[in-house]
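Colleague: I should like to learn how to read the features of a fold. Please take me through this one step by step.

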Amino acid sequence: IDNQVVVVEVLTSPTLEKNATGKVNSIIGNYMDEGVEVDSALHRHQIPSTFGDKALEETAKLPTKVLAKDKKKRVDITNLELVTIDGEDSRDFDDAVYATPSSNGWKLIVAIADVSHYVKEGSGLDAESLERGNSVYFPHRVVPMLPEAISNGLCSLNPKVERLCMVCEMEIDPIGSLLEYKFYPAVMLSHARLTYAEVNEMLENKKSKLRKKYRKIETNIDFLYGLYQTLRISRQKRGVMDFDRIESQILFDDQGKIENIVARKRNDAHKLIEECMLMANQAAAKYLQKENEDFLYRVHPKPTPEKVEITKQFLSAINLKLDGGAEPDTSDFAKLLKSASGREDENIIKTVVLRTMKQATYTPKNEGHFGLAFEDYTHFTSPIRRYPDLLVHRAIKRALLKNHRKQSNKMVELGEHLSMTERRADDASRDVEQWLKCEYMRDKVGESFNGVISGVASFGLFVELTEVFVEGLISVRDLKEDYFNFDDIHHQLKGQRSGRVYRLGDLISVKVASVNLDDRKIEFVPVA
């Protein structure tokens with residue numbers, strides 16, 4: 001039938017005379033049906049989305065609540081006013097936080113869902129969660145790493161129910177440095193499920209009605225904010241890059257169709273949680289390194305001198321400077337981003353700096369985290385949705401029991417696999433987002449928009465629309481007024497005759513020429 005999306009097994013390859021032949025193995029759905037774009041992306045990127053019998057049988061045998069026998073040898077912290085702070089539509093809560101002033105400065109307690117208690121090494125459930133590597137998030141659907149009975153139920157730190165957790169308790173000095181830390185298994189109870197928006201309102205408005213609603217945990221929120229201000233000092237002192245780029249958020253109507261694409265800006269509540277998680281992740285890496293345990297670091301290598309040189313050339317063309325020679329420090333990049341703050345091309349400069357960076361990966365070899373300016377860093381805070389964190393929890397338990405495991409070659413392979421599953425998830429999410437944006441633009445062919453040149457290549461200009469955060473391409477053949485040469489150093493196309501320049505970051509008016517859903521491509525033409 002026309003307009004159906006199908007999975008095809010290729011039987012014969014195409015030749016000059018004949019087309020390829022294939023057998024339809026399964027039908028995903030009709031082209032414009034809700035959710036078809038996600039199912040297509042899962043197939044295209046080979047992401048497993050259904051659990052096998054063994055994993056489901058093991059899940060069915062798990063309890064639905066914390067049992068008395070599971071509380072043995074655990075610290076009871078149920079009276080501690082821990083809270084979770086997440087997005088509006090989150091269902092899997094894996095971290096809860098609590099802060100209070102101490103004689104050293106601050107005490108921070110980060111309690112993380114104890115997934116490793118239920119998902120045992122070598123089980124069917126473990127094998128499947130490793131194969132997935134992580135949960136995959138799409139604009140209106142999640143493909144979880146663990147069955148929902150665990151990810152949204154038994155392990156999720158839902159409000160007002162007892163949960164098993166692994167605690168990282170830290171002492172932090174008045175300038176945000178980590179003084180000491182300890183880990184222990186505990187039983188906790190989340191005293192409130194808060195959203196970023198709620199916390200942000202409470203922080204901005206001391207007379208907010210929400211303060212009445214959450215009277216019992218109001219003090220914790222204020223202390224967390226005080227601690228956040230301290231951690232921000234430490235962040236600035238380390239010279240961490242501030243990539244607060246505007247991201248797009250897709251809004252849907254009741255039929256699952258796109259209603260709008262709007263800007264999503266991170267507020268102080270997002271940043272507060274992020275800083276708490278960074279401290280706990282750093283503490284976990286320090287602890288496991290000291291114990292010589294078998295685990296994966298989260299590393300972010302330095303950018304290559306070649307990439308740095310290209311970035312420097314671009315910056316000098318727009319009168320900005322990156323210090324630090326061929327091997328600049330994180331703080332050099334941070335200084336540059338600060339000097340770009342408030343400029344019209346600020347987002348473009350952030351994009352160029354991001355492109356200079358290498359990808360962060362998982363490896364048992366500690367190479368530090370360049371972006372965060374940490375010498376030791378790992379992922380500990382999200383074991384419900386990231387497998388590396390589950391490995392870290394198991395390593396912490398071994399270290400606490402003095403049941404050490406020497407570092408193994410297997411970790412190298414695991415690191416490579418988990419770095420791949422992370423990229424795979426990112427690619428699939430981007431794929432779906434691009435499809436949805438194309439669907440949104442289909443009925444806007446012929447309309448004009450304002451945009452910014454977000455990329456320059458020999459074949460044309462990438463333009464991001466300023467109102468709806470959609471990117472498309474102006475092909476060089478549609479720049480009809482001249483013959484344009486590509487200048488990769490200055491990220492620009494320059495007209496041979498006229499000297500007309502199209503440069504990265506320039507504002508431009510465009511008309512939507514065509515939208516191709518299959519290729520996820522939108523074509524623009526310039527508006528004179």
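Modeller: Let us start with burial in this predicted model. A residue counts as buried when its relative accessible area is under 20%. In strand β6, residues 105-113, eight of the nine residues meet that condition, so the strand is largely enclosed by the rest of the structure.

Colleague: Which strands does β6 pair with, and in which sense do they run?

Modeller: One partner is strand β5, residues 95-102, which is joined to β6 by eight bridges and runs antiparallel to it. Another is strand β9, residues 162-172, where eight bridges again make an antiparallel pairing with β6.

Colleague: How many residues lie between β5 and β6?

Modeller: Two residues lie between them, and the two strands form a hairpin.

Colleague: Which residues stand opposite Ala111 of β6?

Modeller: On the β5 side, Ala96 stands opposite Ala111. On the β9 side, the residue opposite Ala111 is Val167.

Colleague: I should now like to turn to the barrel. Which strands form it, and in what order?

Modeller: To read a barrel, one follows the pairing from strand to strand until it closes. Here five strands do so, in the order β16-β17-β18-β23-β22, and their pairing is mixed. Neighbouring strands of this sheet are turned against each other by 50° on average, with direction ignored.

Colleague: In what sense do β18 and β23 pair, parallel or antiparallel?

Modeller: Strand β18, residues 471-475, pairs with strand β23, residues 521-526, in the parallel sense, over two bridges. Within this pair, Leu473 stands opposite Glu523 of β23.

Colleague: How should I read the protein as a whole? How many helices and strands has it?

Modeller: The protein has 13 helices and 23 strands. Its radius of gyration is 25 Å, close to the 24 Å that the globule rule gives for 528 residues, so the protein is as compact as a globular protein of that length. Along the principal axes, its C-alpha atoms fill a box of roughly 75 × 60 × 55 Å.

Colleague: What share of the residues is buried, and what makes up the accessible surface?

Modeller: Buried residues account for 51% of the 528. The accessible surface comes to about 25700 Å², and 49% of that area belongs to carbon and sulfur atoms.

Colleague: Finally, what share of the contacts joins residues far apart in the sequence, that is, 24 or more positions apart?

Modeller: Among contacts with a separation of 6 or more, 69% are between residues 24 or more positions apart.

Technical notes
Residues are numbered from 1 along each chain as its sequence is written. This is a predicted model: local features need pLDDT of at least 70, side-chain atom pairs count only at pLDDT 80 or more; totals for chains, interfaces and linings use all residues. Side-chain values use heavy atoms; hydrogens and water are left out. Two strands pair if DSSP finds at least two bridges between them. Helices (H or I, at least four residues) and strands (E, at least two) are DSSP runs, numbered from the N terminus. Axes are lines fitted to C-alpha atoms, for helices over the stretch in contact, and angles run from 0 to 180 degrees between N-to-C directions. The radius of gyration is taken over C-alpha atoms; the globule rule is 2.2 Å times the number of residues to the power 0.38. Buried means under 20% relative accessible area, exposed over 50%, partly exposed in between (1.4 Å probe, protein chains only). Contact means heavy atoms within 4.5 Å. Accessible areas come from the Shrake-Rupley method with a 1.4 Å probe; for residues, only the protein chains shown count as cover.
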